[in-house]
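Q: Got this one open now. Can you walk me through it?

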Amino acid sequence: MGRTSESVGTMQAQDCTSPGPTWRPPDERRVLQLVLATVWLFDAVLQLQPVMFTRQFGKTMIAPLARGNPSAVAHSITWVSGVITRHSVATDAAFASVQILIGLGIAWRPTVKAALAVSIAWAGLVWWFGEGLGGVASGVAHTVTGAPGAVLIYALLAVLLWPVDRAGPHPPFTAARAVGERVARPIWVLVWGGLAFFALSGANRSAEGLRTVLAQSVPGEPGWLATLNRHAADLVGERGLTVSIALAVVLGAIALSVYMPWRAARVMTAVAVVLAVGIWVVGENFGQVFSGSATDPNSGPLLALLAVAFWRRHPEADTAPSSRRVLTSETV
Amino acid sequence: MPHPTWLAYSFGVVMVAVSLYCIAWLVVARRRRHQRHVDVNISHVAMGLAMAGTLVPGLNVLPEGLWEVVFGAVALWFAWHAVGVVMHRVGVRVQDNGRHGLSHNLIHLVMGLAMLYMYLAAVPAGAAIGTGMAMTGPTGAAANFVGLPLLFVAILFGSAVWQLDGLSRYAPVRGEVVGAMTAGAGATAATPGASLSTGASLGEAPRPLESVPTPRQWLAPRLEMGCHIVMCITMGYMLTLML
């Protein structure tokens with residue numbers, strides 16, 4: 001399948017002083033890109049928190065990620081953490097700057113492609129060095145705590161929201177506009193199927209596993225959140241395995257919903273959004289942003305954003321005369 | 001945790017620059033009879049100076065307690081106009097300046113409330129003049145309301161990226177397109193009340209092509225939007241430190 005004119009291509013071709021009349025209001029995909037840009041900006045300011053400029057960032061936040069990883073990965077993380085510890089101010093300022101530029105770059109139309117491309121590369125680096133492969137290799141990954149690494153979803157969203165339209169029939173959801181349905185659907189299955197897998201992997205199969213994860217309180221978190229965590233942990237109790245199996249079943253159904261008829265797909269996508277928000281609040285504690293040491297809001301908001309990108313259009317909307325296919329060359 | 005002084009100073013200097021720019025903008029727009037967003041620019045000046053004073057205590061221009069009054073008034077002003085817009089939409093006749101849309105008033109209401117929150121919930125760090133930020137995060141009961149600044153941050157950053165996305169609307173117009181725009185402006189001006197519909201103000205959703213204002217109507221729109229973006233990011237940064 002070929003590609004139609006690129007969505008932001010028009011803006012770029014007209015140089016920076018492109019006349020106003022070529023501007024189009026944001027469409028669905030552009031709105032999702034802007035939400036992604038907002039999250040990147042938030043990441044950037046989290047990186048500007050005082051603790052990030054100290055040796056503590058490299059020593060107590062990056063270095064421990066090496067534990068449990070394969071030796072090559074562990075060595076590379078240890079080396080990077082050493083560099084960050086020695087040059088904490090310079091490295092942190094650089095990290096924050098990159099993230100600010102990514103956020104602003106996605107939001108500014110002439111640079112959206114460059115910013116998305118940089119975000120993919122940056123996400124890869126962060127996943128390796130900043131998240132220790134999301135705990136996948138070390139066996140500590142858990143769905144409710146952000147496995148397999150929030151930053152992977154940033155990269156995935158950058159690919160799915162890439163401002164290009166493939167030629168052919170109108171895709172049934174926004175995420176398929178750039179890569180096509182044949183790629184987008186397996187991605188969805190992989191993400192949610194992967195989450196189902198991590199819900200049942202390693203220690204998460206034990207009776208106490210989930211309760212232990214939920215009961216972990218973060219220093220500095222508000223009282224109501226700590227109480228919520230305690231209640232959730234008490235509710236799970238020693239039925240950790242049962243709850244994990246139920247969670248995995250729901251996640252598996254969400255994964256397969258991308259091949260379901262549109263009504264069922266919509267229901268499951270809505271369930272995915274609700275589940276993502278629930279995980280973000282209860283399991284991820286809002287990405288622990290209240291602790292003063294969070295570097296991102298974790299995977300919850302990104303999963304919700306991903307789900308919205310897969311929101312199925314009404315089939316009749318797909319068969320409508322597709323004037324959009326002509327106009328997309330000027331829209332983002 | 002001590003905050004890097006250079007970072008606070010950098011943000012502080014940017015805020016002072018934005019405030020001075022907004023003052024200059026108001027003066028020039030008045031002299032050249034451009035469309036003026038007086039309420040927006042005055043609130044930007046106040047927010048810029050207040051944030052600069054918070055980031056760098058030596059730059060604080062108002063005594064303690066007065067900023068709360070200022071931002072209370074700012075919030076009330078934009079809340080009143082937001083209500084005016086809503087009432088107008090549902091058919092109730094109210095006095096409204098008609099220059100701004102609902103989203104414009106709401107985002108500035110949020111900004112005013114965010115500033116108010118910063119002053120009411122934050123704990124003075126007791127920093128000496130010229131050193132670091134004068135505030136730290138809330139403690140005690142106020143610490144349980146950290147969801148509020150998180151909401152403010154989300155709205156502010158959302159507004160910043162939305163404005164940045166709309167920046168291309170106001171790129172310079174050249175050649176025959178300029179003529180077309182000018183002619184369009186003349187036609188617009190001839191229509192009673194039409195000028196009210198031109199120019200999406202700060203914080204408003206980007207509008208369709210036909211509502212793109214001409215340069216004469218809005219002085220340096222991209223710079224004004226840039227001020228708003230910088231303001232939102234700085235405010236979001238300060239609120240994040242209070243989470």
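Q: What do the buried residues of α1(B) pack against?
A: This is a predicted model. In it, the buried residues of α1(B) pack against two helices of chain B, α2 (38–55) and α7 (221–241).

Q: Which residues of α1(B) are buried?
A: Towards the start of the list come Leu7(B), Ala8(B), Phe11(B), Gly12(B) and Met15(B). Val18(B), Ser19(B), Tyr21(B), Cys22(B) and Trp25(B) are buried too.

Q: How many residues does that helix have, and how far does it reach?
A: Helix α1 of chain B has 27 residues, 5–31. From first C-alpha to last it reaches 39 Å, close to the 39 Å expected at 1.5 Å a residue.

Q: And what follows α1(B)?
A: Arg33(B) does, with a positive phi near 60°.

Q: Zooming out, what pattern does chain B follow along the sequence?
A: Chain B reads α-α-α-α-β-β-α-α-α. That is 7 helices and 2 strands.

Q: How many residues are in chain B, and what share is buried?
A: Chain B has 243 residues, and 45% are buried.

Q: What about its contacts between residues at least 6 apart in sequence?
A: Of those in chain B, 73% join residues at least 24 apart.

Q: Switching to chain A. What is the average pLDDT?
A: Chain A averages 85, and 88% of its residues score at least 70.

Q: Where does pLDDT stay under 50 in chain A?
A: Residues 1–19 are one such stretch; the model has 49 contacts for them beyond four places in sequence. Residues 320–332 of chain A are also below 50, with 23 contacts beyond near neighbours in sequence.

Notes. Residues are numbered from 1 along each chain as its sequence is written. Chains are lettered from A and ligands numbered from 1 in the order in which they are written. This is a predicted model: local features need pLDDT of at least 70, side-chain atom pairs count only at pLDDT 80 or more; totals for chains, interfaces and linings use all residues. pLDDT is the predictor's confidence in each residue, from 0 to 100. Two residues are in contact if their C-beta atoms, placed from the backbone, lie within 7 Å. Helices (H or I, at least four residues) and strands (E, at least two) are DSSP runs, numbered from the N terminus. A residue is buried if 20 or more other C-beta atoms lie within 10 Å of its own, exposed if 12 or fewer, and partly exposed in between; C-beta atoms are placed from the backbone. The expected span of a helix is 1.5 Å times one less than its number of residues.
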